[in-house]
Amino acid sequence: MGHFRSFLDGIGFFFQGVRWVARYPRWWLFGLIPALIAFALYAAALYLLGTNALEIAAWGTPFAEGWDESARTALRAVIGLALFGAGLVLSVVTFTAVTLIVGDPFYEKLSEKVEGTYGEVPTGHELPLWKSIPRSIRDSLVTLGWLLLFTVPLFFLGFIPVVGQTVVPVLGALVSGFFLTVELTTLALERRGMARKRRFGLLRGNKAPALGFGVLLFLLFLIPFVAVIAMPAAVAGAAIMVRNRLAPSAPATGTAGAAGGDRRADPLTNPRVDPRVNPGTDRGV
């Protein structure tokens, strides 16, 4: 029961992110910019894959040339459909990583603003942009490698009758959801000086909330254009989850909110708090 409650807590953090960007729509619009750029790139790639899937299937099945035409067409249609489906799933699980890389300065600022409404923002581990982007690319490639290690076998298991239509989709959603959480929590955890191995270990120790947060996003991101609309809320929700659940005792500059977020400084429980007037040096959006 405790794991189920933690799973629901993970889902709740996304909705906290939705509430945050709903209260401050300028930051939602700010976070849409890189998501729209990434969406345009993925839409073009999926269009090319969809229009050429049958040709790719024909190229990959030369052994079927001597088959009856109906059997050959059916085989290549199934393979083409599988290729497009695999491309669609791959686009879902990599969209977040690519969008975070494209929009690193945008989402870093958004994540900082979210944390600023809960108290002091952890500092002391910042990297210049010319170092942070290559590190983000390297970490995303490592995460993608781990993801493919799980999803490639699941893709082939999907062709097994019954199991492929029941168990495999559930396992795929769990695996993809976990790695979505890995990507989205990177900004806030790096702000606390956590390297990739430590971040993975932290999330493995908090599987239930990590899965609740990520699986919901995985399912939402399967709906066209929802990934773009939900991306700013996902970044905000990840920052809230890190601060209030995953790393509540991480050091911050000063004392306010350093122990997981002072509820008096929580914009979702105290409407007087406004990130557009953030304590410290930043006086506005």
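What follows is a chat between a biologist and a modeller about a predicted model.

Modeller: Ground rules before we start: this is a predicted model, where local features need pLDDT of at least 70 and side-chain atom pairs count only at pLDDT 80 or more, while totals for chains, interfaces and linings use all residues. Residues are numbered from 1 along each chain as its sequence is written, and side-chain values use heavy atoms, with hydrogens and water left out.

Biologist: Fine. What makes up the chain, in helices and strands?

Modeller: There are 10 helices and zero strands. Both are DSSP runs numbered from the N terminus: H or I with at least four residues for a helix, E with at least two for a strand. Along the sequence that reads α-α-α-α-α-α-α-α-α-α.

Biologist: And how much of the chain counts as buried?

Modeller: 44% of the 285 residues. Buried means under 20% relative accessible area, exposed means over 50%, and partly exposed is in between, using a 1.4 Å probe and protein chains only.

Biologist: What makes you say that α10 bends?

Modeller: Axes are fitted to the seven residues ending at a given residue and the seven starting there, and the angle between them is the bend. At P232 in α10 that angle is about 35 degrees. Then look at the span: α10 (residues 226-246) covers only 26 Å between its end C-alpha atoms, while a straight helix of 21 residues would span 30 Å. The expected span is 1.5 Å times one less than the number of residues.

Biologist: How does α9 do on that span test?

Modeller: Helix α9 (residues 207-221) reaches 20 Å from its first C-alpha to its last, close to the 21 Å expected for its 15 residues.

Biologist: Why is α9 called largely enclosed?

Modeller: Because 12 of its 15 residues are buried. Among them are F213, F218 and F221. Helix α10 is mostly covered too, with 17 of its 21 residues buried.

Biologist: Why is the R243 and E115 pair called a salt bridge?

Modeller: The rule wants a side-chain nitrogen of Lys or Arg within 4 Å of a carboxyl oxygen of Asp or Glu. R243 and E115 meet at 2.9 Å, N to O, so the pair passes that rule. The two sit 128 residues apart, R243 in α10 and E115 in helix α4 (residues 104-116).

Biologist: Are those two buried or exposed?

Modeller: Buried: R243 has 3% relative accessibility, and E115 has 1%. Both also belong to a salt-bridge network with E108, R191 and R192.

Biologist: How many salt bridges does the rule give?

Modeller: Eight. One of them joins D9 and R5, with the closest N and O atoms 3.6 Å apart, so that pair qualifies under the 4 Å limit as well.

Biologist: What separates D9 and R5 along their helix?

Modeller: About one helical turn, because they are four residues apart in α1 (residues 2-23). R5 is exposed at 54%, whereas D9 is partly exposed at 27%.

Biologist: What does the salt bridge between R76 and E65 tie together?

Modeller: That pair meets at 2.9 Å, N to O. R76 lies in helix α3 (residues 69-102) and E65 in the loop between α2 (25-60) and α3, so the bridge ties together parts 11 residues apart in sequence. R76 is buried at 11%, while E65 is partly exposed at 49%.

Biologist: What does the side chain of R199 reach?

Modeller: The backbone oxygen of M194, at 3.0 Å. A polar contact is a pair of N or O atoms within 3.5 Å; within protein, one must be able to donate a hydrogen and the other to accept it, and residues adjacent in sequence count only if both atoms are side-chain atoms. R199 sits in helix α8 (residues 196-204) and is buried, at 5% relative accessibility.

Biologist: And why is L203 called buried?

Modeller: Because its relative accessible area is 1%, and the cut-off is under 20%. L203 is in α8 too, and its C-alpha is 7.7 Å from that of L246, although the two are 43 residues apart in sequence.

Biologist: Last one: why does V162 count as exposed?

Modeller: Because its relative accessibility is 58%, and exposed means over 50%. V162 is found in the loop between α5 (129-157) and α6.
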